[in-house]
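Me: I would like a close look at a single part of this structure, with its surroundings worked through step by step. Please be careful about what the coordinates themselves support.

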Amino acid sequence: PWFSQIVLQLNDFDEFTSSNADAVLRSIAEDLRHSLPPDAMLNSEHLAHQKLHEQTKPTVHIDAFLYDDDCIDLLCEEGKMSRNYCLTCGSHQTAPLEFISHSFSLTELKFLYQHVLPDLTGKVVVDVGSRLGAVLFGAFFYSSASQICGVEMNADFCQLQEAIIAKYRLDERIKVLNADIRTQASLLQNADVVVMNNVFEYFLDGSEQARSWKFISQNVRKKGSLLVTVPSLEESLSELKVDIQFNQWVETVPLCYDVFLEEDVDTKALEQIYLYKVL
């Protein structure tokens with residue numbers, strides 16, 4: 001009986017620390033919401049704005065880390081956001097808008113760190129294009145990674161991340177570099193996990209994307225290190241003129257996406273996450 005009592009107490013402790021982490025991350029998201037417009041995009045992101053307008057269906061950027069479904073529902077009720085667009089202006093004919101996010105949601109972060117990745121004790125995590133820092137903050141609260149590094153080209157986003165790191169005292173394990181990833185060869189070479197969420201498609205033209213992917217493939221070479229991508233490598237590279245031999249570089253690690261069966265979770269979002277192991 002005493003043994004099962006200890007197990008129960010440990011389970012209670014795990015549940016407490018997990019829900020505590022959720023609460024802190026929600027608090028961080030709230031802080032960031034106050035510092036950004038509703039679409040969480042900056043005026044300086046010219047190419048990203050342009051690419052949103054070029055989508056075949058009307059598409060809006062909703063940052064999944066900042067806005068969960070409850071937040072979106074509230075904004076829709078207040079008339080600050082809409083899930084639909086008018087097919088013929090002035091009529092009641094409407095269709096759902098396409099939503100795109102450049103950040104992981106809280107559920108996706110938990111899925112990534114608690115179900116996809118192994119124990120990260122003593123490991124180095126690098127997020128390419130860290131933007132608002134969701135991947136970094138998730139790594140801090142949901143994993144034991146010892147070094148968590150974000151690389152972000154946009155100085156305004158770096159300032160936002162630094163403000164959160166300072167406020168919540170995360171600097172012991174997190175650092176953010178305001179840099180182009182193509183200047184960070186040694187960082188990539190030493191990384192145990194590299195995360196790339198919608199990383200280049202909306203922010204670089206085709207030739208620059210190809211150059212960036214080539215650099216990644218040449219430097220993420222540590223045997224057994226892991227690469228997390230959204231979408232898949234195949235999809236990211238399908239339209240680009242880049243000579244990368246997948247089967248000589250990485251192998252796909254199959255993932256189980258139905259780990260949250262007891263919760264109301266959008267498994268389609270989880271299915272966008274791919275894991276690769278460097279050969």
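Which residue stands opposite Thr252 in S11?

Reply: In this predicted model, Thr252 stands opposite Tyr276 in S11. That pair belongs to the contact between S10 and strand S11 (residues 274–278), which pair in the antiparallel sense over four bridges.

To place this pairing, it helps to look at the whole sheet, in which seven strands are arranged in the order S7-S6-S5-S8-S9-S11-S10, forming an open sheet with mixed pairing. Its edge strands are S7 (174–178) and S10 (250–253), each of which pairs on one side only, and neighbouring strands of this sheet are turned by 20 degrees against each other on average, direction ignored. Helix H6 (residues 155–167) packs on the sheet, where it touches strand S6 (147–152) and S7, and the direction of H6 makes about 165 degrees with that of S7.

Further along the order given above, S8 stands between S5 and S9. Strand S5 (residues 124–128) runs parallel to S8 and is joined to it by three bridges, with Val126 standing opposite Val194 in S8. On the S9 side, S8 and strand S9 (residues 226–230) pair in the parallel sense over five bridges, and here the bridge partner of Val194 is Leu227. The connection between these two strands involves helix H8 (residues 206–219), and S8, H8 and S9 together make a right-handed β-α-β unit.

The burial of S8 fits into this picture: five of the five residues of the strand (residues 193–197) are buried, so S8 is largely enclosed by the rest of the structure. In a regular strand the side chains alternate between the two faces of the sheet. In S8, Val193, Val195 and Asn197 point one way, whereas Val194 and Met196 point the other way, and all are buried.

A helix can be read in the same manner: eight of the nine residues of helix H5 (residues 134–142) are buried, so H5 too is largely enclosed by the rest of the structure. The buried residues of H5 include Leu136, Phe137, Phe140 and Tyr142.

For the chain as a whole, the secondary structure comes to 11 helices and 11 strands, and 47% of the 279 residues count as buried. Among contacts between residues at least 6 apart in sequence, 74% join residues at least 24 apart. The accessible surface of the chain comes to about 15000 Å², of which 50% belongs to carbon and sulfur atoms.

Definitions and conventions: Residues numbered from 1 in each chain as written. Predicted model: local features only at pLDDT ≥ 70, side-chain atom pairs only at ≥ 80, totals over all residues. Heavy atoms only, no water. Buried < 20%, exposed > 50% of the residue type's maximum accessible area, 1.4 Å probe, protein only. Pairing = 2+ DSSP bridges. Right-handed = clockwise from strand over helix to strand, strands pointing away. Contact = heavy atoms within 4.5 Å. Areas by Shrake-Rupley, 256 points an atom, 1.4 Å probe, with all protein chains shown as cover. Axes fitted to C-alpha atoms, helices over the stretch in contact; angles between N-to-C directions.
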